[in-house]
Amino acid sequence: MASWDWLSEPLPLDAANTFRWADGSNTEFLKTPRDADDWLSAVRDRLPRHRLELPSSFNEAGLRSFRQVRNVLLEVLRPLSHDDLPDPQDLCALGDVALAHPVLRVLDAEGPVWVAAVNMPPCAQLLGLIAAEAVELLHAEPDHIAICHAPGCHWLFHQHRTNQRWCHPECGNRARVSRHYHRTRDT
C-alpha cells in the first residue's frame, strides 16, 4: 500500500502520478483495488465542487479503467512537461475518454459545479471528472505542466512560477544537496 502524502497537484496530475518512471525504473502505485481506494480517499477532500456519485470502493474492472485513463493522461502530459506537443492521437484519446464519461461543469446558485451528463456508474463519473479537469488544465495552462528534476522524483506537477524546477521544497533541497555532493566529491 502506497502512502499518498505527496498528493497536492490538480486532479489529473495526481491521477497521472499513480505511476512513475524514475531513474530507469517503473513504479505502479495502483497494484490492487485497495490502492485505488486509498488514492481516492487521499484526494477526496481536494476534489473540485461536484454533484457526482463517486465510487465507495474500486473493483478490478474499475482499477483497470482507472489505469487506462491514467495512461492516456501520461501520454498527453509527459510531452508537455518536456516542452513538447502531445501526439494528436493521444489528445484524441483523452477527448474520447471525456466523451465516453461525460461530466460537465455547470453553474448553480453557489457557482461552478461538476455534474454527470448521463447516468453512469460511480467509477465512470470519477474518470469523467479526471478527464474533464485534464481538458480544462490543458486548455488553460499547458505550459505550466512540468516534471520535477530532483533526483529520484520525476513527478508531474503544476508550475506556480515559470522557473520552478521542483514539485516540492523537499525535492529542491534534495537536488541542491546532490549537486553539492557531486561538486565537492570531485575536488
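**Val 118**

I began with Val 118, which comes out partly exposed at a relative accessible area of 44%. That follows because the value falls between the 20% limit for buried and the 50% limit for exposed. This is a predicted model, so everything I note here is read off a prediction. Val 118 sits in the loop between S5 and H5. I also checked its distance to Arg 176: the two are 58 residues apart in sequence, and their C-alpha atoms are 50 Å apart in space.

**The sheet**

Next I went to the strands on one side of that loop. I found an open sheet of 3 strands, ordered S3-S5-S4, with mixed pairing. S3 (50-51) and S4 (103-108) are the edge strands; each has a single partner, so one side of each has no neighbour in the sheet.

How do S3 and S5 run relative to each other, parallel or antiparallel? They run parallel, with 2 bridges joining S3 to S5 (residues 111-116). I looked up Arg 51 and found Val 115 of S5 as its bridge partner.

S4 and S5 pair in the antiparallel sense, and I counted 6 bridges there. These two strands make a hairpin, with 2 residues between them. Within this part of the sheet, Val 103 stands opposite Ala 116 in S5.

**H5**

On the other side of the Val 118 loop is H5. This helix covers residues 122-140 and lies across S4 and S5, at about 80° to S4. I ran the length check: 19 residues at 1.5 Å a residue should span 27 Å, and the end C-alpha atoms of H5 are indeed 27 Å apart, which agrees. Burial was my other query. H5 is largely enclosed by the rest of the structure, because 14 of its 19 residues are buried.

**H3**

I then moved to H3, residues 60-81. Its 22 residues should span 32 Å at 1.5 Å a residue; I got 30 Å between the end C-alpha atoms, which agrees. What caps the N-terminal end of H3? Asn 59 does, with a side-chain oxygen 3.1 Å from the backbone nitrogen of Ala 61. Past the other end, just after H3, I noted that Asp 83 has a positive phi of about 60°.

**Arg 70**

Arg 70 belongs to H3, and I wanted to know whether this arginine is buried or exposed. Arg 70 is buried, since its relative accessibility is 2% and the cut-off for buried is under 20%. Its side chain makes a polar contact of 2.9 Å with that of Asn 71. Leaving out residues up to four places away in sequence, I listed Ala 15, Ala 16, Thr 18, Phe 19, Glu 28 and Leu 30 as what Arg 70 touches.

**H3 against H4**

Last, the helix pair. The axes of H3 and H4 come within 9 Å and cross at roughly 145°, and the crossing is left-handed. On the H3 side the contact is made by Val 69, Val 72, Leu 73, Glu 75 and Val 76; H4 brings Asp 90, Leu 91, Ala 93, Leu 94 and Val 97.

H4 (residues 88-100) got the length check too: 13 residues at 1.5 Å a residue should span 18 Å, and the end C-alpha atoms are 18 Å apart, which agrees. At the start of H4 I found a side-chain oxygen of Asp 87 within 2.7 Å of the backbone nitrogen of Gln 89.

Key:
Residues numbered from 1 in each chain as written. Predicted model: local features only at pLDDT ≥ 70, side-chain atom pairs only at ≥ 80, totals over all residues. Heavy atoms only, no water. Helix = DSSP H or I, 4+ residues; strand = E, 2+ residues; numbered from the N terminus. Expected span 1.5 Å × (residues − 1). Polar contact = N/O pair within 3.5 Å; in protein donor to acceptor, adjacent residues only side chain to side chain. Buried < 20%, exposed > 50% of the residue type's maximum accessible area, 1.4 Å probe, protein only. Contact = heavy atoms within 4.5 Å. Pairing = 2+ DSSP bridges. Axes fitted to C-alpha atoms, helices over the stretch in contact; angles between N-to-C directions. Left-handed = near helix turned anticlockwise from the far one by under 90°.
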